Amino acid sequence: MRAKGTKLAGVVLALLSVLLCLVFLWLLWTYVPRASVRWGLLAVGAGICCAAGLWIWYQRRQVTVFADDLCTTLDALMSGRQPEGYRPYEDSLTARVQGKLMQYYDIMNEGKVQSQRDKETIQGLVSDISHQVKTPIANMKLYTGILQNPLITEEKQAAFLKTMEEQVNKLDFLMQSLIKMSWLETGTFTLHVEEARLSDTIARAMNGVWAKAEEKGIQLTADCDSGITVKHDPRWTAEALGNILDNGVKYTPPGGRVSVSVQPWQFYTRIDISDTGIGIPENHYHDVFQRFYREEAAAAQEGVGLGLYLANGIVTRQKGYISVKSRVGEGTTFSVYLLS
């Protein structure tokens, strides 16, 4: 319908132009008796008509070029190529429209890249989870099969049941860690930041590792003025500090020491968690905060490599950060910085 309407408008315009020319000629021959004046006015009219025709042709030519440039730009973008006729620094309508199309293309392309990243992250996460749960499930199946043997002694049954309980606890710990990790990565957990005493948060974190430290004969100490308050989420911050403390207790030999000290700064409050453990090589400072990362020297210790990852995620979401300083064989200090 639109094409027919455009064609009809063109025919009507052409008929009106012819009619105006005929009316102009009739007026000349009727009201201008002198031939020289009549032909002069006719020449002027013809010149005006020619100029108007050229102007219309030029405008239509510009529109055609504009449309061709846009089509070329769109074809290139749809093919994933940079447009050959793109003129970003030219002050013209074509350049402005091309610029907007390029901005839209960049936004859409970034969305596509982000979608691919998310897909790869999910695939990696599924792979990591399947790898982590494989061992305890396989062990539970093995011990279940052994326990079904009627000839097994009660002593061995008790030993296998205890081992199965340990595997169930390990699986439960893994599932809880994965749930917390999913909360962090999807942003579904909520922080309730408030002005609270830091000593209470540290005590809450230390309570979670006190039994393990006692079992290994590790000295656990804290030095924090009870008057120091910081804007933070006590529950989640205690979770983060507890994960760092658990790491310290886990990788410190029996009879070692794990200590917590607090130092207020102008903009941040610094919490140092130091241990006398196995230490971390300097080239792995960044790696220890990665999901499921574990040092080769720590492979014999129980764990899944999520504690520091969760701690870092919790602290950074409170606009803080964690740094690490360590010497292999001497110990490690994790420094947690929270906004004062």
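Select D246 first: in this predicted model, D246 has a relative accessible area of 15% and therefore counts as buried, the cut-off being under 20%. With D246 still highlighted, add K212, whose side chain forms a salt bridge with D246, the closest N and O atoms lying 2.9 Å apart. K212 belongs to helix α6 (residues 210–216) and D246 to helix α7 (residues 234–250), so this pair ties together parts that are 34 residues apart in sequence. Unlike the buried D246, K212 is partly exposed, with a relative accessible area of 42%.

Now add K250 to the selection, because D246 and K250 are 4 residues apart in helix α7 and are thus separated by about one helical turn. An α-helix has 3.6 residues a turn, so residues three or four places apart point the same way. D246 forms a salt bridge with K250 as well, here with 3.6 Å between the closest N and O atoms, and K250 is buried, at a relative accessible area of 17%. Through these shared partners, K212, D246 and K250 are joined into one network of salt bridges.

Widen the selection to the whole of α7. Of the 17 residues in α7, 15 are buried, so the helix is largely enclosed by the rest of the structure. Its end C-alpha atoms are 23 Å apart, which agrees with the 24 Å that 17 residues should span at 1.5 Å a residue. At the N-terminal end of α7, pick D233, which caps the helix by placing a side-chain oxygen 3.0 Å from the backbone nitrogen of R235.

Before leaving the charged pairs, go to R197 and D200, which form another salt bridge, with their closest N and O atoms 3.2 Å apart. Both ends of this bridge are partly exposed, R197 having a relative accessible area of 41% and D200 one of 42%. The count of salt bridges in the model comes to 5.

Next, turn to the strands, and select β4 (residues 257–264) together with β5, which pair in the antiparallel sense over 7 bridges. The connection from β4 to β5 is a hairpin of 3 residues, and in the pairing of these strands P264 stands opposite T269 in β5.

Keep β5 (residues 268–275) in view and add β7, since the two strands pair in the antiparallel sense over 8 bridges. Two places are convenient for following the register: T269 stands opposite L338 in β7, and I271 stands opposite V336 in β7. T269 is thus a useful residue to centre on, as it faces P264 in the pairing of β4 and β5 and L338 in the pairing of β5 and β7.

How many residues of strand β7 are buried? In β7 (residues 331–339), 7 of the 9 residues are buried, so this strand is largely enclosed by the rest of the structure. Add β6 (residues 321–327), which also pairs with β7 in the antiparallel sense, over 7 bridges, and where K325 stands opposite T333 in β7. In the hairpin of β6 and β7, which has 3 residues between the strands, zoom in on G329, which takes a positive phi near 85°.

Step back from β6 to K319, which is found in the loop between α8 (307–316) and β6. K319 has a positive phi of about 65° although it is not a glycine, and its relative accessible area of 63% makes it exposed. The preceding helix, α8, is mostly covered, with 7 of its 10 residues buried. To see them, select L308, Y309, L310, A311, G313, I314 and V315, which are the buried residues of α8.

For the last stop, move to helix α1 (residues 2–31) and select W26, which has its place there. W26 is exposed, with a relative accessible area of 52%. Extend the selection from W26 to L16, L19, V23, L27 and Y31, which together with W26 make a nonpolar surface patch of about 630 Å².

Conventions
Residues numbered from 1 in each chain as written. Predicted model: local features only at pLDDT ≥ 70, side-chain atom pairs only at ≥ 80, totals over all residues. Heavy atoms only, no water. Salt bridge = Lys/Arg side-chain N within 4 Å of Asp/Glu carboxyl O. Buried < 20%, exposed > 50% of the residue type's maximum accessible area, 1.4 Å probe, protein only. Pairing = 2+ DSSP bridges. Patch = residues over 30% accessible without salt bridge, like charges linked within 9 Å, V, L, I, M, F, W, Y side chains within 5 Å. Areas by Shrake-Rupley, 256 points an atom, 1.4 Å probe, with all protein chains shown as cover. Expected span 1.5 Å × (residues − 1). Polar contact = N/O pair within 3.5 Å; in protein donor to acceptor, adjacent residues only side chain to side chain.
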